[in-house]
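Good morning, colleagues. Please look at the model on the screen while I go through its contacts.

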Number of protein chains: 2
Amino acid sequence: MPKARLTPASVTEAAAALVDEVGFDNLSMGLLAERLGVKTPSLYKHVTSQAELAHRIAVLAMTEAGDAIRDAIQGRSGSDALAAGAQAMRTYVREHPGRYAAANATRPTGPDDPFIPASERVLASWAAMLSGYDLDPGQEIHAMRTLRSVLHGFATLEAAGGFQIDASVDESFTWLINFIDQGLRAGAASGSDAAR
Amino acid sequence: MPKARLTPASVTEAAAALVDEVGFDNLSMGLLAERLGVKTPSLYKHVTSQAELAHRIAVLAMTEAGDAIRDAIQGRSGSDALAAGAQAMRTYVREHPGRYAAANATRPTGPDDPFIPASERVLASWAAMLSGYDLDPGQEIHAMRTLRSVLHGFATLEAAGGFQIDASVDESFTWLINFIDQGLRAGAASGSDAAR
DNA sequence: CCACTGAAGCTAACGCGATTAGCTAAAGGC
DNA sequence: GCCTTTAGCTAATCGCGTTAGCTTCAGTGG
């Protein structure tokens with residue numbers, strides 16, 4: 001008696017919600033099926049495997065995160081853009097830890113994997129944001145990687161409960177943003193000794 | 001016909017080596033048993049479960065990383081200590097990606113988990129290193145978290161193949177270290193506007 | 001030197017979660 | 001109002017972690 005009316009998209013969305021609740025490595029086809037009011041094998045009518053499902057979640061996550069960051073940066077520049085973009089990313093990871101974990105666990109499956117453009121949109125936002133600090137062109141890639149490293153590192157450490165005293169984590173994050181901002185402005189254009 | 005002469009320690013060591021080769025999520029009891037020339041169930045004479053094995057790998061990793069960082073910092077201070085410590089950590093992760101992944105996947109199992117002191121030793125090294133920059137006491141925790149975030153973020157992104165152009169990753173890392181060093185020295189003592 | 005105990009391996013078997021095969025019936029097009 | 005398509009179901013397979021119970025070697029005390 002078909003009534004659930006599932007689609008690949010709805011299954012993916014439900015899986016993403018589930019994964020945010022129970023954690024990425026606790027995702028199971030049985031649990032997801034239960035949530036959807038369906039028996040486990042029925043899911044295979046919409047998804048070819050659990051691995052593919054995880055990959056779909058990853059693409060969804062990267063797309064959503066990209067949108068959030070882009071929206072946050074909209075209309076801002078320099079320090080404001082950095083602060084807004086970084087906060088947007090951190091917020092996304094806090095609200096969707098499972099999706100973010102899925103995104104980190106995935107590797108592009110091929111040259112036409114939609115995960116690739118989704119990732120590139122995120123990078124493009126960071127690049128746009130960095131353009132607000134007129135850095136020496138040769139340093140842009142390093143600044144980009146440094147930025148990605150701190151944000152990714154902070155978000156994952158926080159998600160993993162790596163910071164003991166919860167109280168001041170917000171404060172640490174704004175400190176971190178400010179630290180990066182100062183560094184980027186100090187190293188701007190001049191190609192100062194930051195390129196030792 | 002007992003001849004393999006395994007011990008919990010030797011099994012853990014072999015598992016750590018295996019995990020560095022095949023990746024943390026590809027660890028399986030069967031694969032490990034094969035490497036040790038033993039049948040799968042025999043491993044349970046030395047290890048209670050795969051989860052416990054993973055946890056042992058994590059403790060080993062944290063201990064080894066802690067030693068490497070401590071040794072690198074030995075006898076250095078300020079910028080030199082930062083550069084040496086950071087490089088030691090990055091090198092450890094590059095050489096032992098599976099162990100590092102195990103360490104990240106683990107949570108302390110209780111108050112007397114040896115993982116806790118092992119982690120603390122790492123933090124203590126970072127703290128010692130940071131003491132070389134006389135920061136305002138109130139900022140130390142933020143600086144520590146920022147430092148952990150960049151290093152962890154860079155290492156995991158690199159391990160995950162997150163940086164496209166391999167060529168300049170070394171350069172990016174030294175740039176990153178220098179960036180942090182500059183920021184720490186700029187924000188030292190004064191409690192400058194880095195604490196806005 | 002020999003019987004004895006205990007640990008280390010082994011084979012057989014279970015359980016759970018992912019996946020596949022094949023059946024059934026509702027839904028939408030003609 | 002038929003007919004094809006397809007979502008969902010039940011039954012069964014497979015792989016892998018884990019448990020049970022047997023067997024044999026290693027070392028010890030007599």
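The surface near DNA strand D comprises, by class, 10 nonpolar, seven polar and three charged residues. I should say at once that the model is predicted. Of the 20 residues around strand D, those that come nearest are Ser42(A), Lys45(A) and His46(A) from one chain, with Tyr44(B) and Gln50(B) from the other.

Which part of strand D faces the protein, sugar and phosphate or bases? Among the atoms of strand D within 4 Å of the protein, 65% belong to sugar or phosphate, and the rest belong to bases. Three contacts to phosphate oxygens of this strand deserve mention. In the side chain of Ser42(A), an N or O atom is 2.5 Å from a phosphate oxygen of strand D. For Tyr44(B), the corresponding side-chain distance to a phosphate oxygen of strand D is 2.7 Å. Met29(B) takes part through its backbone, where a polar atom is 3.2 Å from a phosphate oxygen of strand D.

Let me turn to DNA strand C. Here the residues of the nearby surface divide into nine nonpolar, seven polar and three charged. Of the 19 residues around strand C, Tyr44(A), Gln50(A), Lys39(B), Ser42(B) and Lys45(B) come nearest. Sugar or phosphate accounts for 65% of the strand C atoms within 4 Å of the protein, with bases making up the rest.

At the backbone of strand C, a polar side-chain atom of Tyr44(A) lies 2.6 Å from a phosphate oxygen. Ser42(B) likewise places a polar side-chain atom 2.6 Å from a phosphate oxygen of strand C. Which residue has a polar side-chain atom 2.8 Å from a base oxygen of strand C? That residue is Lys45(B).

I now come to the protein itself. Chain A contains eight helices and zero strands. Along its principal axes, the C-alpha trace of chain A spans about 70 × 40 × 30 Å.

How are the two chains related? A rotation of 180°, with 0.0 Å of shift along its axis, superposes chain A on chain B with an RMSD of 0.0 Å. The two copies are therefore related as by a two-fold rotation axis. The same surface serves both copies, in that 97% of the contact residues of chain A recur in chain B.

As to the extent of this interface, 38 residues of chain A are in contact with 37 residues of chain B. The area buried between the two chains is about 3,400 Å², and carbon and sulfur atoms give 57% of that area. On the side of chain A, Arg145(A), Trp175(A) and Phe179(A) supply 23% of the area that the chain buries against chain B, more than any other three residues.

How many salt bridges are there between chain A and chain B? The count is zero. Polar contacts, by comparison, link 18 residue pairs between the chains, with both residues at pLDDT 80 or more.

Which elements of chain A give two or more residues to the side that touches chain B? They are helix H7 (137–159) and helix H8 (169–186) of chain A. H7(A) gives the most to that side, with 14 residues. By class, the side of chain A that touches chain B has 16 nonpolar, 15 polar and seven charged residues.

That concludes my presentation. Thank you for your attention.

Terms used:
Residues numbered from 1 in each chain as written. Chains lettered and ligands numbered in written order. Heavy atoms only, no water. Near = heavy atom within 4 Å. Polar contact = N/O pair within 3.5 Å; in protein donor to acceptor, adjacent residues only side chain to side chain. Nonpolar A, V, L, I, M, F, W, Y, C, P; charged D, E, K, R; others polar. Least-squares fit on C-alpha atoms with pLDDT ≥ 70 in both. Contact = heavy atoms within 4.5 Å. Buried area = accessible area lost by both parts, 1.4 Å probe. Salt bridge = Lys/Arg side-chain N within 4 Å of Asp/Glu carboxyl O. Helix = DSSP H or I, 4+ residues; strand = E, 2+ residues; numbered from the N terminus.
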